[in-house]
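User: I keep reading words like "buried" and "salt bridge" and I'd like to know what earns a residue those labels. Could we go through one example structure together?

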Amino acid sequence: MKLGAVIITMGNRPDDLRALLDSVAKQQGDPVEVVVVGNGAPVTGVPDGVRTVDLPENLGIPGGRNVGIEAFGPAGGDVDVLLFLDDDGLLPNTDTAELVRRAFSEDPGLGIVSFRIADPETGLTQRRHVPRLRASDPMRSSRVTTFLGGANAVRTKVLAQVGALPDEFFYAHEETDLAWRALDAGWMIDYRSDMVLFHPTMPPSRHAVYHRMVARNRVWLARRNLPAPLVPVYLGVWIVLTLLRRPTVVALKAWFAGFREGWTTPCGPRRPMKWRTVWRLTRLGRPPVV
């Protein structure tokens, strides 16, 4: 089973990027072919053998990753599985690639694997990095309904069948959009605690566009993927959850501006999931209303 890796960077973490590339090169088994995409910045200082793509402008996280996918042929088809890794992450174990190969080889229905993200200093995994509602035990592997964007592996047959990440999202919820389409096509998603990516603990709100894009893309996600009766239920639940988290006035204004933008701007093609997929998500522990 042939593995590739896509890493996007904005050129502002060259030391972290080099450390990540070194950790990929140390993986046991056949070498992992790597493509680094410079998202609006030139890629420099990478080892020999690492391919690079320089984009003249920042296409966002999904747009940059989609360019990396196509660097491995249409829908990434030159390899069997693609790893997507944050440029400030690190693979602390040398057997991760072999674990990925084994997981996909042993389970032909497995489409996506979400890695466990751990802080390099404390070893702790944040609750939000466990992609399920029952997230108190990050060491428990399980079937899940979504995955983590900067620490995962995707079978390229999934991308060929259901399409790549939604470019227009730019940042936030693009993983869930792909996950729902994959699940609707019959693929499964696993969270694996033994596949680890080290990543510094930091809040997602560090991104200036966080509150607006989280809200906008939440609406787009529902409009694109949910059966019509579930759209208001899903978005109503998230309005309540957002208010319960008591964000600042500034954050709340940005959130509602994004929510409004989600309704007034194009979201891409609408392909509502089947009702049997809704039931499948519910059985997996996360119905598509939360």
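Analyst: Sure, here is a walk through some labels and the values behind them, with the note that this is a predicted model.

User: What makes the contact of D88 and R13 a salt bridge?

Analyst: The cut-off is 4 Å between a side-chain nitrogen of Lys or Arg and a carboxyl oxygen of Asp or Glu. The side chains of R13 and D88 come to 3.6 Å, N to O, so the pair falls within 4 Å and gets the name. In the sequence these two sit 75 residues apart: R13 is in the loop between β1 and α1, and D88 is in the loop between β4 and α3.

User: Are the two partners buried or partly exposed?

Analyst: One of each! Buried means under 20% relative accessible area, and over 50% would be exposed. D88 has 10%, so the label is buried. R13 has 30%, so that one is partly exposed.

User: Why is E261 called partly exposed?

Analyst: Because its relative accessibility is 22%, and buried has to be under 20%. Its salt-bridge partner R212, at 2.9 Å from N to O, is partly exposed too, with a relative accessible area of 29%. R212 belongs to helix α6 and E261 to helix α8, so their bridge ties together parts that lie 49 residues apart in sequence.

User: And how do you know that D177 and R224 form a salt bridge?

Analyst: Their closest N and O atoms are 2.8 Å apart, which is within 4 Å and therefore passes. Both D177 and R224 are buried. D177 sits in helix α5 and R224 in helix α6, 47 residues away along the chain.

User: How many salt bridges does a search of the whole structure find?

Analyst: It finds 15. Some share partners, and in that way E168, D177, R181 and R224 are joined into one network.

User: E174 is buried, so why does it have no salt bridge?

Analyst: The nearest side chain of opposite charge is R65, and that is 4.2 Å away. A salt bridge needs a distance within 4 Å, so this pair misses out. E174, which lies in helix α5, does have a polar atom of its side chain 2.8 Å from the backbone nitrogen of A172.

User: Now the empty spaces. What makes something a cavity and not a pocket?

Analyst: In a cavity a 1.4 Å probe fits but cannot get out, whereas a pocket is open. There are three cavities of 30 Å³ or more here. The largest has a volume of about 60 Å³, and its lining includes R65, F84, F147 and E175. β7 and α5 each supply at least two of the lining residues.

User: How do the residues of that lining divide?

Analyst: Six are nonpolar, two polar and two charged.

User: Which residues line the second largest cavity?

Analyst: D177, R181, R224, N225, P269 and R271. Helices α5 and α6 each give two or more of them. The split is one nonpolar, one polar and four charged, around a space of about 40 Å³.

User: What is the volume of the second largest pocket, and how does its lining divide?

Analyst: The volume is about 190 Å³. Four lining residues are nonpolar, three polar and five charged; among them are P131, R132, T145 and R286.

Note on methods
Residues are numbered from 1 along each chain as its sequence is written. This is a predicted model: local features need pLDDT of at least 70, side-chain atom pairs count only at pLDDT 80 or more; totals for chains, interfaces and linings use all residues. Side-chain values use heavy atoms; hydrogens and water are left out. On a 1 Å grid over the protein atoms alone, a cavity is a set of points where a 1.4 Å probe fits but cannot get out, and a pocket is an open set with protein on both sides within 12 Å along at least five of seven lines; lining residues have an atom within 4 Å of a point. Grid points are joined across faces, edges and corners, and a volume is the space filled by probe spheres set on the points. Helices (H or I, at least four residues) and strands (E, at least two) are DSSP runs, numbered from the N terminus. Ala, Val, Leu, Ile, Met, Phe, Trp, Tyr, Cys and Pro count as nonpolar, Asp, Glu, Lys and Arg as charged, and the others, Gly among them, as polar. Buried means under 20% relative accessible area, exposed over 50%, partly exposed in between (1.4 Å probe, protein chains only). Lys and Arg count as positive and Asp and Glu as negative; His and the chain ends are not counted. A polar contact is a pair of N or O atoms within 3.5 Å; within protein, one must be able to donate a hydrogen and the other to accept it, and residues adjacent in sequence count only if both atoms are side-chain atoms.
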